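Let's explore a protein together through a handful of questions and answers. Keep the structure in view and follow along as you read.

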Amino acid sequence: MVFNRIDRTAEVDQGFQKLRVCPTDRCSYYKKHPYTELWKEECWTCKFGDFGIDSNNPTNTGTCGYESK
């Protein structure tokens with residue numbers, strides 16, 4: 001599976017609920033997950049990205065949980 005590093009900022013700005021993302025996607029709202037040691041600004045290392053790692057069922061496609069306030 002090839003990932004394209006898509007910038008998802010516009011979609012996040014539009015307020016999509018549970019936006020589906022690939023691990024290498026990114027946006028301008030990136031915030032490093034507190035448990036990762038990697039500094040790649042990609043969805044899979046972002047605190048808002050959910051790829052099923054906490055549920056012990058990781059997936060290749062995740063969801064972005066960022067919500068603007």
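**Cavities, pocket, pairs and strands**

Searching the whole structure, which is a predicted model, turns up two cavities of 30 Å³ or more.

Q: Which residues lie closest to the centre of the largest cavity?
A: The largest cavity has a volume of about 100 Å³. Its lining is made up of 15 residues. Those closest to the centre are Arg-26, Cys-27, Cys-43, Cys-46 and Cys-64.

Q: How many residues of each class, nonpolar, polar and charged, are in the lining of the largest cavity?
A: Cysteine counts as nonpolar and arginine as charged, so both classes appear among the residues closest to the centre, including Cys-27 and Arg-26. Over the whole lining, the classes come to nine nonpolar, one polar and five charged residues.

Q: Which residues line the second largest cavity?
A: This cavity has a volume of about 40 Å³. By class, its lining holds three nonpolar, two polar and two charged residues. By name, they are Phe-16, Gln-17, Lys-18, Cys-64, Gly-65, Tyr-66 and Glu-67.

Q: What is the volume of the largest pocket?
A: The largest pocket is lined by 13 residues, and His-33, Trp-44, Gly-49, Ile-53 and Asp-54 lie nearest its centre. The lining divides into five nonpolar, five polar and three charged residues. The volume of this pocket is about 280 Å³.

Q: How many disulfides does the model have?
A: A disulfide is a covalent bond between the sulfur atoms of two cysteines. Here the cut-off is a pair of cysteine sulfur atoms within 2.5 Å. For Cys-27, the nearest cysteine sulfur belongs to Cys-64 and is 5.7 Å away, so by that cut-off Cys-27 is in no disulfide. The count of disulfides is zero.

Q: Is Cys-46 buried or exposed?
A: Cys-46 sits in the loop between strand 1 and strand 2. The cut-off for buried is under 20% relative accessible area. Because its relative accessible area is 8%, Cys-46 is buried.

Q: How far apart are the closest N and O atoms of Arg-5 and Glu-42?
A: Side chains of opposite charge can pair when their charged atoms come close. Arg-5 and Glu-42 form a salt bridge, and this pair links distant parts of the chain, with Arg-5 in the segment before helix 1 (9–13) and Glu-42 in the loop between strand 1 (19–21) and strand 2 (49–50), 37 residues apart. The closest N and O atoms are separated by 2.6 Å.

Q: Which partner of the Arg-5 and Glu-42 salt bridge is buried?
A: Arg-5 has 44% relative accessibility, so it counts as partly exposed. The relative accessibility of the other partner is 4%, so that residue counts as buried. The buried partner is Glu-42.

Q: How many residues apart in sequence are the parts tied together by Arg-26 and Asp-7?
A: The side chains of Arg-26 and Asp-7 meet in a salt bridge, at 3.6 Å from N to O. Arg-26 lies in the loop between strand 1 and strand 2, while Asp-7 lies in the segment before helix 1, so the pair ties together parts of the chain whose separation in sequence is 19 residues.

Q: Which residues are joined into one network by salt bridges that share partners?
A: Glu-11 forms a salt bridge with Arg-8, and their closest N and O atoms are 3.2 Å apart. Glu-11 is partly exposed at 25% relative accessibility, whereas Arg-8 is buried at 13%. Salt bridges with shared partners make one network of Arg-8, Glu-11 and Asp-25.

Q: Which strands stand at the edges of the sheet?
A: The three strands form an open sheet in the order 1-3-2, with antiparallel pairing. Each edge strand has a single partner strand, so one side of it is left without a neighbour in the sheet. The edge strands are strand 1 and strand 2.

Q: Which residue in strand 3 is the bridge partner of Val-21?
A: Strands of a sheet pair through backbone hydrogen bonds, either parallel or antiparallel. Strand 1 pairs with strand 3 (residues 62–64) in the antiparallel sense, over three bridges. In strand 3, the bridge partner of Val-21 is Gly-62.

Conventions
Residues numbered from 1 in each chain as written. Predicted model: local features only at pLDDT ≥ 70, side-chain atom pairs only at ≥ 80, totals over all residues. Heavy atoms only, no water. 1 Å grid on protein atoms, 1.4 Å probe; cavity = no way out; pocket = protein on both sides within 12 Å on 5 of 7 lines; lining within 4 Å. Points joined across faces, edges and corners; volume = space filled by probe spheres on them. Salt bridge = Lys/Arg side-chain N within 4 Å of Asp/Glu carboxyl O. Helix = DSSP H or I, 4+ residues; strand = E, 2+ residues; numbered from the N terminus. Buried < 20%, exposed > 50% of the residue type's maximum accessible area, 1.4 Å probe, protein only. Pairing = 2+ DSSP bridges.
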